[in-house]
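Reader: Please pick one part of this model and go through it closely, with the cut-offs behind each term. I would like a single connected account rather than a list.

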Amino acid sequence: MKNVIALFGLILTIGLVSSCGDKDDDKVGTVNVNFKAYWGNNPVIMNEDVWYFNDETMNFSRLNLFVSELTLTGDENEELSEAEFVDFETINRTEEGAAQGVTFSYDVPVGTYDNFDFGVGVCPELNSQEPS
């Protein structure tokens with residue numbers, strides 16, 4: 001279980017950049033949410049051997065996941081997205097790609113947000129629907 005947690009040890013970078021507007025209500029900023037996959041202290045690079053257990057090695061040929069209900073909470077709650085597909089397979093083919101990670105950007109009203117919430121996997125309501 002520790003290895004699974006380490007594997008999905010996500011680094012989350014949230015930046016809020018505000019733009020100018022006539023009223024405070026009109027001010028909008030951008031939130032960037034960045035996910036990176038690590039195995040221990042090292043970024044996961046597709047098909048590259050990593051130490052596993054009893055001096056065995058393994059590698060990742062597939063690595064992706066859904067995150068859901070991405071929400072900023074604070075004075076006002078702001079839902080960023082119902083669900084996103086985090087595709088490490090495409091980006092983590094090189095060290096540079098792994099260092100870059102997978103980023104999603106959202107425009108949000110400028111405000112005070114205390115927390116960023118998200119779930120790993122698809123929420124039950126979406127999971128019970130037929131794929132579109």
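Author: A residue is called buried under 20% relative accessible area, exposed over 50% and partly exposed in between, with a 1.4 Å probe and protein chains only. By that scale Glu69 is partly exposed, since its relative accessible area is 42%. Glu69 belongs to strand β7, and this strand with its surroundings is the part examined here. The model is predicted, so local features need pLDDT of at least 70 and side-chain atom pairs count only at pLDDT 80 or more, while totals for chains, interfaces and linings use all residues. Residues are numbered from 1 along each chain as its sequence is written, and side-chain values use heavy atoms, with hydrogens and water left out.

First, the setting. The protein chain has four helices and 10 strands; these are DSSP runs numbered from the N terminus, helices being H or I with at least four residues and strands E with at least two. Along the sequence their order is α-β-β-β-β-β-β-β-β-α-α-β-β-α. Of the 132 residues in the protein chain, 30% are buried.

Strand β7 covers residues 64–74. Within it, Glu69 has a positive phi of about 50°, although this residue is not a glycine. Asn54 is another non-glycine residue with a positive phi, near 50°. Asn54, however, lies in the loop between β5 (50–51) and β6, and it counts as exposed because its relative accessibility is 57%.

Strand β7 also contributes to the largest nonpolar core, giving two or more residues to it, as do β2 (28–35), β8 (78–87) and β9 (102–109). A nonpolar core here means a set of buried Ala, Val, Leu, Ile, Met, Phe, Trp, Tyr and Cys residues joined through side-chain atoms within 4.5 Å. This one has 22 residues, and those with the most contacts inside it are Val33, Phe35, Val44, Leu80, Val86, Phe88 and Tyr106. In soluble globular proteins, nonpolar side chains tend to be buried together. Val86, one of the residues just named, sits in strand β8 and counts as buried because its relative accessibility is 1%. Between the C-alpha atoms of Val86 and Leu65 the separation is 5.3 Å, although their positions lie 21 residues apart in the sense of being apart along the chain.

Just ahead of strand β7 comes the loop between β6 (57–58) and β7, which holds Arg62. The side chain of Arg62 meets that of Glu89 in a salt bridge, at 3.5 Å from N to O. The term requires a side-chain nitrogen of Lys or Arg within 4 Å of a carboxyl oxygen of Asp or Glu, and the structure holds one such pair. Glu89 is in helix α2 (residues 88–91), so the bridge ties together parts that are 27 residues apart in sequence. The two partners sit in unlike surroundings: Arg62 is exposed because its relative accessible area is 64%, whereas Glu89 counts as buried at 14% relative accessibility.

The loop between β6 and β7 also holds Asn59, which counts as partly exposed because its relative accessibility is 36%. The C-alpha atoms of Asn59 and Val44 are 8.8 Å from each other, and the two residues are 15 residues apart along the chain. Val44 appears again here from the core, where it is among the residues with the most contacts.

For comparison, consider a pair from elsewhere in the chain. Trp39, in strand β3 (residues 38–39), is buried because its relative accessible area is 12%. Its C-alpha atom is separated by 7.8 Å from that of Val50, which is 11 residues apart along the chain.

To return to the chosen part, strand β7 gives residues to the largest nonpolar core, carries the positive phi at Glu69 and follows a loop whose Arg62 is tied to helix α2 through Glu89.
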